[in-house]
Amino acid sequence: MSVSLLVVEDKERTRQQLEAEINPLNFNLTFARDGLDGLSKAKSSAFDMVLVDHKMPLMDGLTLLKNLRDLPVYKDAPVFFMTTQDLIEVEPQALKAGATQCFSKPLDGEQVRKTLLANIERSVA
């Protein structure tokens, strides 16, 4: 089974880093450049998991999280949140908005891979 992952991140360099870190898992990766693009792609295709950046143009990650959780297909899907800000401040807001788990940037690739693998059974597929 191929796991589909939507990565919503506005910075090209971070998208490239995430692609390099996640590729060993053989997930089917789709990238969105901002929150609005991410919501559009999430509505047009059902992804098993979503990885969302915090600060983005057009729609921030917290707003995207809330919008995703309002869609039936993403009600219980793993949605991960990543931020450069202090997790102590941001994590409660992200969890309230519907995040499954939060990551601090710069990302620890091994932690991200382990978390994604551990959540495959929770995915929508």
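Helices are DSSP runs of H or I with at least four residues, and they are numbered from the N terminus. By that rule, Leu95 is found in helix α4. The model behind these exercises is predicted.

**Exercise 1. The overall fold**

Task: Find how many helices and strands the chain has, and in what pattern they follow each other.

Solution.
- Step 1. Count the elements. The chain holds five helices and five strands.
- Step 2. Read along the sequence. The pattern is β-α-β-α-β-α-β-α-β-α.
- Step 3. Judge the packing. The radius of gyration is 13 Å, close to the 14 Å that the globule rule gives for 125 residues, so the chain is as compact as a globular protein of that length.
- Step 4. Add the outer dimensions. Along the principal axes, the C-alpha atoms fill a box of roughly 35 × 30 × 25 Å.
- Step 5. Look at contacts with a separation of 6 or more. Residues 24 or more positions apart account for 62% of them.

**Exercise 2. Surface and charge**

Task: Work out what share of the residues is buried, and how the charged side chains are placed.

Solution.
- Step 1. Use the cut-off: buried means under 20% relative accessible area. Of the 125 residues, 48% are buried.
- Step 2. Turn to the surface. The chain exposes about 6400 Å², and carbon and sulfur atoms supply 48% of that area.
- Step 3. Count charges. There are 15 positive and 18 negative side chains.
- Step 4. Compare their centres. The centres of the two sets lie 3 Å apart.

**Exercise 3. The nonpolar cores**

Task: Identify which residues have the most contacts inside the largest nonpolar core, and which element gives the most to this core.

Solution.
- Step 1. Size the core. It has 24 residues.
- Step 2. Name the residues with the most contacts inside it. They are Val50, Val52, Leu64, Leu65, Leu68, Tyr74 and Phe81.
- Step 3. Map the core to elements. Those giving two or more residues are β1 (4–8), α2 (35–44), β3 (49–53), α3 (61–69), β4 (79–83) and α4 (87–97).
- Step 4. Pick the top contributor. Helix α3 gives the most, with four residues.
- Step 5. Zoom in on Leu68. Leave aside its neighbours within four places in sequence. Leu68 is then in contact with Leu39, Ala42, Val50, Val52, Tyr74 and Val79.
- Step 6. Look beyond this core. Apart from it lies another core of 16 residues, among them Val7, Leu18, Leu25 and Val112.

**Exercise 4. Unusual backbone geometry**

Task: Say where the cis peptide bond lies, and which non-glycine residues have a positive phi.

Solution.
- Step 1. Recall the usual case. Most residues other than glycine have a negative phi, and most peptide bonds are trans.
- Step 2. Find the cis bond. The peptide bond from Lys105 to Pro106 is cis, with omega near 0 degrees. Pro106 sits in the loop between β5 (101–104) and α5.
- Step 3. Check Asn26. Its phi is near 60 degrees, a positive value in a residue other than glycine. Asn26 lies in the loop between α1 (12–22) and β2 (28–32).
- Step 4. Check Leu58. This residue is not a glycine, yet its phi is positive, about 70 degrees. Leu58 is in the loop between β3 and α3.
- Step 5. Test exposure. The cut-off for exposed is over 50%. Asn26 has 63% relative accessibility, so Asn26 counts as exposed. Leu58 has 69%, so Leu58 is exposed.

**Exercise 5. Sorting four residues**

Task: Decide whether Thr83, Leu95, Arg113 and Glu121 are buried, partly exposed or exposed.

Solution.
- Step 1. Take Thr83, in strand β4. Its relative accessibility is 0%, so Thr83 counts as buried. Not counting residues up to four places away in sequence, Thr83 touches His54, Val90, Phe103, Ser104 and Lys105.
- Step 2. Take Leu95. At 41% relative accessibility, Leu95 counts as partly exposed.
- Step 3. Take Arg113, in helix α5. Its relative accessible area is 23%, so Arg113 is partly exposed. Neighbours within four places aside, Arg113 is in contact with Glu21 and Leu25.
- Step 4. Take Glu121, in the segment after α5 (109–118). At 63% relative accessibility, Glu121 counts as exposed.
- Step 5. Set sequence against space. Arg113 and Leu18 are 95 residues apart along the chain, and their C-alpha atoms are separated by 9.9 Å. Glu121 and Leu5 are 116 residues apart in sequence and 14 Å apart in space, C-alpha to C-alpha.

How values were computed
Residues are numbered from 1 along each chain as its sequence is written. This is a predicted model: local features need pLDDT of at least 70, side-chain atom pairs count only at pLDDT 80 or more; totals for chains, interfaces and linings use all residues. Side-chain values use heavy atoms; hydrogens and water are left out. The radius of gyration is taken over C-alpha atoms; the globule rule is 2.2 Å times the number of residues to the power 0.38. Buried means under 20% relative accessible area, exposed over 50%, partly exposed in between (1.4 Å probe, protein chains only). Contact means heavy atoms within 4.5 Å. Accessible areas come from the Shrake-Rupley method with a 1.4 Å probe; for residues, only the protein chains shown count as cover. Lys and Arg count as positive and Asp and Glu as negative; His and the chain ends are not counted. The place of a charge is taken as NZ of Lys, CZ of Arg, CG of Asp or CD of Glu. A nonpolar core is a set of buried Ala, Val, Leu, Ile, Met, Phe, Trp, Tyr and Cys residues joined through side-chain atoms within 4.5 Å.
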